Every structure is written in structure tokens, then in C-alpha cells.
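Biologist: I have the model open and would like to go through it with you, a piece at a time. Could you start with the backbone oddities and then move on to the sheets and the ligand?

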Amino acid sequence: MTIPIPPLVQRPAWAALQAHQKKIAPMHLRKLFADDPNRAERFTLASCGIYLDYSKNRISDETMGLLVQLAEQSGLRERIQAMFRGEHINVSENRAVMHVALRAPRGISMFVDGANVMPQVHEVLDKMSDAATRIRSGDWKGHTGKRIRNVVNIGIGGSDLGPVMAYEALKHYSERSMTFRFVSNVDATDFSEAVRDLDPAETLFIIASKTFTTLETMTNARAARAWSVQGLKVDASGEQGAVAKHFVAVSTNAAEVSKFGIDVTNMFEFRDWVGGRYSMDSAIGLSTMLAIGSDAFRDMLAGFHAMDEHFRETPLERNLPALMGLLCVWYADFFGAQTVGVMPYSQYLKRFPAYLQQLTMESNGKHVTLDGRTVDYETGAVFWGEPGTNGQHSFYQLIHQGTKLIPVDLIGFAKTLNPLGDHHDILMSNVFAQAEALAFGKSEKEVRAEGTADAVVPHRIFEGNRPSNVLLAEELTPHALGALVALYEHSVFVQGTVWGINSFDQWGVELGKALAQRIIPELTSEAEPELAHDSSTNALIRRYRAMK
Ligand code: F6P
């Protein structure tokens with residue numbers, strides 16, 4: 001029998017954390033470190049090739065103990081098991097949440113609605129591997145007999161951000177004789193610029209859409225088909241044959257795929273128990289596999305799986321995603337932090353913050369609990385970031401000396417994939433320096449000791465006491481990327497569990513979509529339309545029509 005979970009603010013650990021925060025808030029990290037020579041040792045953790053130093057957070061042993069209690073009282077352990085058991089934890093869509101099955105190795109059984117989903121997962125992976133081998137080797141010929149050299153992924157949200165992030169992250173391992181492009185925006189510029197220097201005879205389009213109805217993706221997909229057919233100079237009778245060689249689909253919706261004109265033999269399927277933002281390991285990762293090959297893709301899945309197992313098996317006090325998620329809750333709900341900065345010190349991870357924005361904010365940007373009650377506490381923070389060191393010369397000023405508390409994750413790698421002089425040591429020195437500067441700052445005494453003029457002293461003081469996590473891995477390999485992404489996925493789950501919200505639906509995106517559908521004919525009609533919006537929207541539409 002499961003014990004009902006009280007609302008968050010009535011859980012005993014919540015009140016205890018509120019009282020405890022009053023004790024911790026005035027304490028400076030300088031003192032916490034000075035009083036405890038073993039602090040760095042105790043507040044570090046390593047698993048799945050990721051080393052997390054969370055000692056520069058505004059925490060004590062008591063804080064972590066209480067946060068773990070909060071997780072226990074929120075039913076986190078049971079929720080983790082429920083997810084892995086394939087229960088319909090996405091209640092508002094009545095779906096299981098089983099992205100963990102996508103990266104489970106052969107031989108394991110995982111069930112959704114009584115059926116073992118693993119045979120199908122591996123069947124799709126094998127079909128992807130087969131296509132990847134044929135395309136990468138040049139066996140897959142285009143309509144004119146030329147090999148495929150260009151791959152354009154058309155998708156948006158989870159059907160774009162994971163693939164483009166992974167492609168960029170793993171570019172080092174990619175097939176350099178091929179070109180990969182990603183088109184997401186319905187702004188025609190995106191498509192036009194992506195294909196302007198490509199030969200249609202050598203170009204394969206992946207139409208990636210879970211639903212195969214998304215306006216942006218279908219608009220771009222139609223443009224791609226027209227570009228392809230025109231470029232290949234095929235007439236209506238040859239169109240279907242040409243499309244079969246230059247288009248593949250990734251979707252859950254076979255009916256819409258064939259309606260579009262893509263033969264379902266060229267369709268790579270996944271199921272509705274994979275959320276869009278959790279789908280980069282599904283067939284949605286086809287572009288990644290084409291770029292890095294099947295073996296490297298499977299290494300990436302192994303990295304995900306290692307973190308899945310760690311998350312499922314490890315006690316919460318030594319559990320990486322649990323601790324990272326709980327620290328997000330700590331700052332959001334007890335320090336009023338509105339945002340979290342994620343700064344990868346790796347150029348290859350330049351799209352990682354954008355990817356994380358969908359993962360975190362589409363998941364935890366919710367204001368009602370699973371049973372529909374409006375929350376009376378803060379939920380998901382705004383996630384943002386840029387690769388270091390670029391951010392340091394831009395917005396880090398505000399993190400160091402502004403009035404807002406912004407916890408940051410600094411991500412670095414011990415080895416570079418591009419050894420060049422002392423670049424990498426310089427890069428990594430900045431990771432450590434930023435974490436140190438944020439935590440310890442620079443006191444008035446130190447500023448004065450440098451002979452600073454009185455009037456300038458206040459400007460040069462760094463208050464410090466600004467929290468950070470440092471995440472270190474040995475090298476940016478496919479395995480390391482998988483472990484890192486899974487770490488954040490599960491951290492999101494932990495936060496959502498504590499907040500009692502559904503991290504797996506996204507109803508908040510629907511209203512704008514519906515309104516856009518209503519407005520499209522008002523923009524395109526020849527005759528002046530009757531407008532029944534508010535006065536502002538009416539005026540904007542009229543002005544646009546007059547100006548266009
Ligand atoms: O609009 C939001 C969303 O539904 C995301 O959750 C999803 O990743 C994206 O649109 C794309 O959806 P689809 O893969 O069905 O085209």
C-alpha cells in the first residue's frame with residue numbers, strides 16, 4: 001500500500017528546511033570552507049565517468065540530510081521505480097515515461113502496458129544501424145545514382161534540439177566527408193540557408209516529428225520536397241521514386257508519414273512513451289547515428305544507461321541526479337533563485353544550454369500539481385547558458401556582482417579533443433577560477449591591500465558566496481555525453497517529483513499554436529479580414545498586412 005504524500009509545504013522536511021535556511025543564509029562559503037578542511041572531499045561524488053564537486057554550494061551536512069529527507073517524503077524512490085516499471089506517470093496524457101528503455105542493452109526486459117518494449121527498441125536501432133551503414137558507405141544511392149553526402153534533419157523542439165546538440169557535441173567523431181544541417185524554424189531563412197550550397201542529388205532529408213503534424217516541421221518538409229523534386233528534375237510520375245531515395249521519416253505516426261508521401265519502409269518508429277524532449281536516443285537520433293556511426297551511437301546509449309542504473313540503484317545521498325535536482329530545489333524554493341546558469345567549458349557543447357532549456361523548462365514549467373492543485377511554491381527555474389569562456393566576457397559580471405543569486409553549473413573535461421598549445425589548460429583554469437571567484441570573492445580588506453583608491457573600493461569588492469557545481473569528465477566521448485544528458489534528465493525528474501508536478505506534458509505550448517492557426521488566414525487572405533481579437537492584436541495584424 002502506498003502512503004499518500006502530503007502537499008509539499010506540509011512535508012516535515014519542508015518546514016525543517018525553511019528553518020534551516022535561516023541559519024545557512026548568513027553563512028559565507030569562506031567560513032564553511034575554513035571551518036571544515038574535509039568539505040571538498042565530503043561534497044564530491046563520482047559516477048559513470050562524471051565527477052561532481054558540489055562543495056561550493058550554500059549547504060552543510062544538515063542541508064543535504066534535510067534535502068534527502070524531502071526527497072524521501074516526496075516519494076522519490078517510489079517514483080523512480082514507477083517510471084522504470086512503465087507506469088503511466090504522465091497522468092495528463094495517460095502515458096508511460098520510458099525513455100530509459102531506449103538505452104537499455106539487449107537482454108533486458110522493460111514493460112509498458114504489459115508488453116516488453118525492448119525487442120522493438122532494438123529492432124529500430126538495428127534498422128537505423130543498417131541505414132547508417134548504407135548511407136555512410138555510399139551504398140544508398142540518390143535518384144541520379146550519386147551517393148548521399150548531405151543530411152538535413154527537419155524537426156523542431158525535441159525533434160531538433162537533441163539531434164543538433166548531439167551532432168555538435170560529437171562532431172569530433174563524425175564522418176567529415178558528409179555535411180549535416182538542421183532546420184527547425186518556420187522562418188524560410190532557416191531552410192533556404194541550410195540548402196543553398198547543397199546538391200539535391202546528394203541530399204537526404206530526415207523529417208523528424210513525433211506527431212508528424214507540427215506546423216513548422218511540415219511546412220519545412222513540404223519546402224524540402226519541392227526543392228528536392230525540382231532540383232532532381234523529376235516529373236510527377238517520377239516523384240514518388242525520387243522521394244523514396246531522398247526522404248526518410250522519424251515519427252510515431254505512420255498514417256501521417258504515408259500521407260506526406262514517404263514510404264513507411266523509410267520510416268523509423270518510436271512510441272508515445274517517449275516524450276519529445278527525451279527522444280534523442282530514439283529514432284529521432286538518426287542524424288546523430290548517421291554522423292558518428294552505429295558503434296559510437298551505441299556508446300552514447302551505454303553512457304545514458306550507466307546513469308540510468310546509477311539513478312535507479314544508488315541511495316539518494318550518493319545519487320548524482322538526486323543531489324543535483326535537490327540543489328535546484330534548494331535555491332529555487334528556499335533562496336528565491338529564479339534561474340540556473342549552465343556553462344559548458346567545451347566549444348563542442350555550444351548547443352547544450354539550448355537543449356537543456358527545453359528539457360528543463362518544458363518539463364518543469366508547471367503551476368499545478370499532478371492532481372491539479374495550484375502550487376504555493378516556486379517550480380522550475382529558468383535555465384540558460386553559454387559556453388565558457390565566452391560568457392565570462394559578457395554576462396558573468398552580473399553573476400559575480402549583481403543583485404541576483406544565480407547558481408551555476410560549470411562543465412569541463414580533463415582532456416581536449418583538439419590539443420593546441422596550452423589552450424586547454426587556459427580553458428580549464430577558467431573553470432576553476434570562476435568557481436573559486438564566485439564562492440570566495442574578494443573582500444574589502446583584500447581590495448584595499450592592493451592600494452585601490454577609496455572611491456573605487458566598493459566597485460572592486462566581490463561579495464562571493466555564489467554557488468556553483470563543477471562537473472568534470474575525462475574526455476567528451478559519446479559515452480560521457482550520454483551520461484551527462486541522462487544526469488540532467490533525471491535531475492529534472494527529481495525536481496518535478498519534489499514539486500509534485502507532471503514533468504512530462506507540455507500543455508502550455510498549445511494556446512499559441514491554436515491562435516497562430518487562426519491568425520494565418522487573416523494574414524494571407526486577399527480580402528481584408530474581419531478581425532475579432534483584442535485591439536492590440538487587431539492593430540498589429542492590420543499594420544503587418546499594410547507593410548508586407
Ligand atoms: O510544441 C512543443 C512540442 O510538442 C515539443 O514538446 C516537441 O518536442 C516539439 O513540439 C516537436 O513535436 P513533434 O516532434 O511532434 O514535431
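Biologist: Is Cys 48 buried or exposed?

Modeller: This is a predicted model, and in it Cys 48 counts as buried because its relative accessibility is 18%, where the cut-off for buried is under 20%. Cys 48 sits in the loop between E1 and E2, and its phi is near 55°, a positive value in a residue other than glycine.

Biologist: Why does a positive phi get a remark at all?

Modeller: Because most residues other than glycine have a negative phi.

Biologist: And Lys 233, what is its phi, and where is it found?

Modeller: Lys 233 has a positive phi of about 55° although it is not a glycine, and it is found in the loop between helix H10 (215–232) and H11. With a relative accessible area of 74%, Lys 233 is exposed, whereas Cys 48 counts as buried.

Biologist: Which peptide bond is cis?

Modeller: The bond from Gly 388 to Thr 389 is cis, with omega near 5°, and Thr 389 belongs to the loop between E11 and helix H17 (396–401). As background, most peptide bonds are trans.

Biologist: OK, sheets now. What is the strand order in the six-stranded one?

Modeller: The order is E1-E2-E13-E12-E10-E11, in an open sheet whose pairing is mixed. Strand E1 (44–47) and strand E11 (382–384) stand at the edges with a single partner strand each, so one side of each is left without a neighbour in the sheet. On average, neighbouring strands of this sheet are turned by 15° against each other, direction ignored.

Biologist: How does E12 pair with E10 and with E13?

Modeller: Strand E10 (residues 339–344) pairs with strand E12 (residues 408–413) in the parallel sense over four bridges, and the bridge partner of Gly 341 in E12 is Val 408. E12 and E13 also run parallel, joined by six bridges, with Leu 410 standing opposite Val 470 in E13.

Biologist: How much of E12 is covered, and what lies across it?

Modeller: E12 is mostly covered, with six of its six residues buried. Val 408, Leu 410 and Gly 412 point one way from the strand, while Asp 409, Ile 411 and Phe 413 point the other way, and all are buried. Helix H18 (residues 423–440) lies across E12 and strand E13 (468–473), and it runs at about 155° to E12.

Biologist: What about the five-stranded sheet?

Modeller: That one is an open sheet in the order E6-E5-E7-E8-E9, and its pairing is parallel. Its edge strands are strand E6 (179–183) and strand E9 (267–269), each of which pairs on one side only, and neighbouring strands are turned by 20° against each other on average, direction ignored. Strand E7 (residues 203–208) runs parallel to strand E8 (residues 247–251), with four bridges joining them, and Phe 205 stands opposite Phe 247 in E8.

Biologist: Which helices lie across E7?

Modeller: Helix H7 (residues 118–137) lies across E7 and E9, running at about 145° to E9, and helix H11 (residues 236–246) lies across E7 and E8, running at about 60° to E8.

Biologist: Changing topic, which residues come nearest the ligand?

Modeller: Of the 14 residues around the ligand, those that come nearest are Ser 159, Ser 209, Lys 210, Thr 211 and Thr 214. An N or O atom in the side chain of Thr 214 is 2.5 Å from an oxygen atom of the ligand. For Glu 362, a polar side-chain atom lies 2.8 Å from a ligand oxygen atom, and for Lys 513 the corresponding distance to an oxygen atom of the ligand is 3.1 Å. The ligand has 390 Å² of accessible area on its own, and the protein covers 88% of that.

Biologist: Last one: where is Asn 57, and what does its side chain contact?

Modeller: Asn 57 is in the loop between strand E2 (50–53) and helix H4 (61–73), and it counts as buried because its relative accessible area is 1%. The side chain of Asn 57 makes a polar contact of 2.8 Å with the side chain of Tyr 331 and a polar contact with the side chain of Asn 469, also at 2.8 Å. Leaving aside residues up to four places away in sequence, the residues that Asn 57 touches include Leu 29, Arg 39, Leu 327 and Pro 467.

Technical notes
Residues numbered from 1 in each chain as written. Predicted model: local features only at pLDDT ≥ 70, side-chain atom pairs only at ≥ 80, totals over all residues. Heavy atoms only, no water. Pairing = 2+ DSSP bridges. Helix = DSSP H or I, 4+ residues; strand = E, 2+ residues; numbered from the N terminus. Axes fitted to C-alpha atoms, helices over the stretch in contact; angles between N-to-C directions. Contact = heavy atoms within 4.5 Å. Near = heavy atom within 4 Å. Polar contact = N/O pair within 3.5 Å; in protein donor to acceptor, adjacent residues only side chain to side chain. Areas by Shrake-Rupley, 256 points an atom, 1.4 Å probe, with all protein chains shown as cover. Buried < 20%, exposed > 50% of the residue type's maximum accessible area, 1.4 Å probe, protein only.
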